[in-house]
Amino acid sequence: MKILIVDDDRINSTILNRLLSRDGHPVVTAYNGRDGVALFKSERPDLVLMDIRMPLMNGYEAARQIKEASTDRFVPIIFLTAVTDDEGLARCIEAGGDDFLTKPFNRVILQAKISAMERIRQLHAVLRSQKEQLEKHQEGVRREMEVGQHLFSNIVRAGNLLDAPCLNHFSTPMSLFNGDLLVASYTPAGTLHIMLGDFTGHGLSAAVGALPLAELFYGLTAQGFSIGDLAEQINDKLRKVLPTRMFCAACLIEVDHRQKSIMVWNGGLPDVLVADKSGQIVRRIRSGHIPLGVAPMRREDRKVEILEMQEDYRVFLYSDGLTEATDDGGILFGQERLDALFDGQTPPERLFAAILHALNAFRGHALQTDDISLLEVVCARASEEPPGGQSHLPQKDIPPSSWRIAFTFSAQTLRTVDPLPTIINALMNLQAPSGQRERLYTVLAELFSNALDHGLLRLDTRTKETPEGFLRYYAQREERLAALTEGEIEVILTHTPHPDGGELRIRIADSGPGFDPNNVQSFLEGNLHHGGRGIALVRSLCTDLIYHGNANIAEATYRWTRS
Amino acid sequence: MSGTITVNRHENETSISIKGRFNFEMHSQFRTAYQNEIDGSVNKNRKFVIDLVGTEYIDSSALGMLLLLREEAGANEADIEIINARPEIRKILETANFQRLFKIS
């Protein structure tokens with residue numbers, strides 16, 4: 001240990017020097033305070049022995065300056081003093097001294113004090129390096145968190161959660177990262193998909209699962225897959241990536257303002273509540289499935305609850321962080337307290353705020369123990385477009401070219417897959433007229449579902465006239481589709497380039513018996529009336545629409561101009 | 001504050017009873033409890049009974065632990081019965097549709 005002696009008494013200094021050198025310490029000496037400080041800076045000793053009364057600068061001032069110059073490490077200063085009064089000794093400590101040694105020196109005491117200081121010095125060095133490591137680590141974690149948060153917030157912003165006019169939402173994570181993922185996005189047909197996923201646990205480990213989930217949600221929704229498909233594909237993915245003890249309780253909702261339907265797939269989240277204009281609960285959709293990422297999905301696990309959308313409906317979706325929020329005494333907020341708000345006393349438009357208000361009043365200053373999410377779907381606004389339009393996926397612009405594709409779907413195929421996303425993707429990969437995806441999807445979807453629902457499955461749209469009929473229609477559709485063994489649908493798409501765009505001819509033919517030509521008109525009108533805008537919508541989007549045969553062949557021409 | 005675990009071993013059956021709060025803090029305790037049984041088991045058909053009679057609270061991490069036990073006890077071949085769950089805990093198990101993966105009685 002390198003030691004600096006600052007003492008104007010040369011005899012003292014020499015004695016000390018000899019004592020210390022004999023013990024193997026390198027020694028440097030100064031004879032006044034000012035030289036002592038300068039030598040301290042140039043020699044960087046590990047310990048200082050400091051006399052008090054000296055010319056040019058006294059020991060107190062030298063000690064103060066040395067301490068000031070050594071903020072990066074701990075350098076013990078031992079005062080060499082003849083004084084033994086309490087006040088004098090206290091002043092040494094005040095000036096920054098760590099200990100004192102009274103003259104005349106005792107060799108044993110000097111050695112003991114030096115080794116005691118050495119131990120303190122080493123302890124300081126260890127603490128210092130641990131602190132530095134911690135700070136470095138903390139800085140690294142902070143940087144990684146920032147990147148993570150950036151990714152996370154971009155994911156949430158990627159969709160329509162924030163700008164869909166029919167949605168109100170509230171989400172508060174208990175830590176930096178939210179284990180609840182709330183996302184919403186429009187399909188090419190203009191229906192809105194919403195998903196709330198609640199991963200096991202909280203914080204970063206829960207949030208990492210959100211990345212693959214959000215990616216699949218947006219990707220599949222943009223391709224027009226149904227929420228049953230989404231649940232199945234997300235489940236497969238999460239089963240592959242999540243450890244066994246982690247899963248995702250999730251609820252998927254599809255709001256279709258054209259078909260006036262709401263579909264719900266609830267796997268492990270609390271009851272989805274539907275209130276009407278009275279502000280009371282008219283429907284409660286319980287969890288009917290195992291959460292995502294636990295078990296392989298069987299066919300019946302894709303089953304969704306369907307309800308007919310009324311203008312005055314408000315749908316409430318929330319995570320169990322809401323019902324399981326606790327007050328100071330550990331009492332749960334509970335489903336009953338939530339349900340009690342739907343007593344008809346609160347106007348429906350105030351329910352969302354009333355729930356949050358009741359929750360905050362109940363919780364008081366209690367610590368949040370789980371992520372809390374709440375979302376409201378205001379059905380009256382379901383048909384309103386978001387300000388920036390629906391599409392958030394950039395589309396590549398391919399120069400118009402000449403091509404033709406034909407698909408034939410057998411009964412077996414129709415039973416097992418929904419071919420629409422495949423058709424639209426083939427079309428988009430070949431041509432991708434920019435900004436036309438939603439319109440093309442709508443035309444294809446309408447014509448295709450006419451061919452399937454009415455041509456092959458022989459469903460009557462008039463069934464949908466009453467609320468019971470509405471549910472019967474979907475039940476019948478599912479039943480007949482599962483039993484379909486014969487028949488096929490042929491789709492032919494022919495594209496011809498024009499100087500400023502192109503023309504797409506769509507021919508969809510089903511092998512069903514068709515309709516009495518005299519009734520074609522009423523069939524089309526029925527579709528117009530009950531299937532939302534249906535055929536009228538197709539007519540408005542296409543330059544022409546003609547039915548051939550017994551109305552089992554539809555031919556439409558769609559023109560587009562390069563933007 | 002978390003719960004305590006007691007293990008009772010019979011010939012072909014291991015009963016694990018959880019008192020207090022069954023949450024993420026119980027992870028290593030719960031895992032040790034069943035792993036000793038699985039490792040020391042000559043008989044592959046060992047039955048597990050999870051007794052929740054003294055369980056006051058259960059969170060999603062606890063559901064995850066039950067899934068882990070199921071996986072390690074043979075997944076679809078596992079014989080696991082959850083007993084004595086009080087109504088609010090039973091509701092949590094049923095919301096997750098665990099009755100399809102475990103016997104709940």
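In the predicted model, A:Asp198 has A:Ala249, a residue of strand 9 of chain A, as its bridge partner. The two strands concerned are strand 8 of chain A, residues 192-199, and strand 9 of chain A, residues 248-256. Eight bridges connect strand 8 and strand 9 of chain A, and the pairing is antiparallel.

Strands 8 and 9 belong to an open sheet of five strands in chain A, arranged in the order 7-8-9-10-13 with antiparallel pairing. The edges of this sheet are occupied by strand 7 (180-186) and strand 13 (305-308) of chain A. Each of these edge strands has a single partner strand, so one side of each is left without a neighbour in the sheet. On average, and with direction ignored, neighbouring strands of the sheet are turned by 15° against each other.

Chain B was examined at the level of the whole chain. Three helices and six strands were assigned to chain B. Read from the N terminus, the elements of chain B follow the order β-β-α-β-β-α-β-α-β. The radius of gyration of chain B is 13 Å, close to the 13 Å given by the globule rule for 105 residues, so chain B is as compact as a globular protein of that length. The C-alpha trace of chain B spans about 35 × 30 × 20 Å along its principal axes.

Of the 105 residues in chain B, 34% are buried. Contacts in chain B were also considered by separation along the sequence. Among those between residues at least 6 apart in sequence, 63% join residues at least 24 apart.

Technical notes
Residues are numbered from 1 along each chain as its sequence is written. Chains are lettered from A and ligands numbered from 1 in the order in which they are written. This is a predicted model: local features need pLDDT of at least 70, side-chain atom pairs count only at pLDDT 80 or more; totals for chains, interfaces and linings use all residues. Helices (H or I, at least four residues) and strands (E, at least two) are DSSP runs, numbered from the N terminus. The radius of gyration is taken over C-alpha atoms; the globule rule is 2.2 Å times the number of residues to the power 0.38. A residue is buried if 20 or more other C-beta atoms lie within 10 Å of its own, exposed if 12 or fewer, and partly exposed in between; C-beta atoms are placed from the backbone. Two residues are in contact if their C-beta atoms, placed from the backbone, lie within 7 Å. Two strands pair if DSSP finds at least two bridges between them. Axes are lines fitted to C-alpha atoms, for helices over the stretch in contact, and angles run from 0 to 180 degrees between N-to-C directions.
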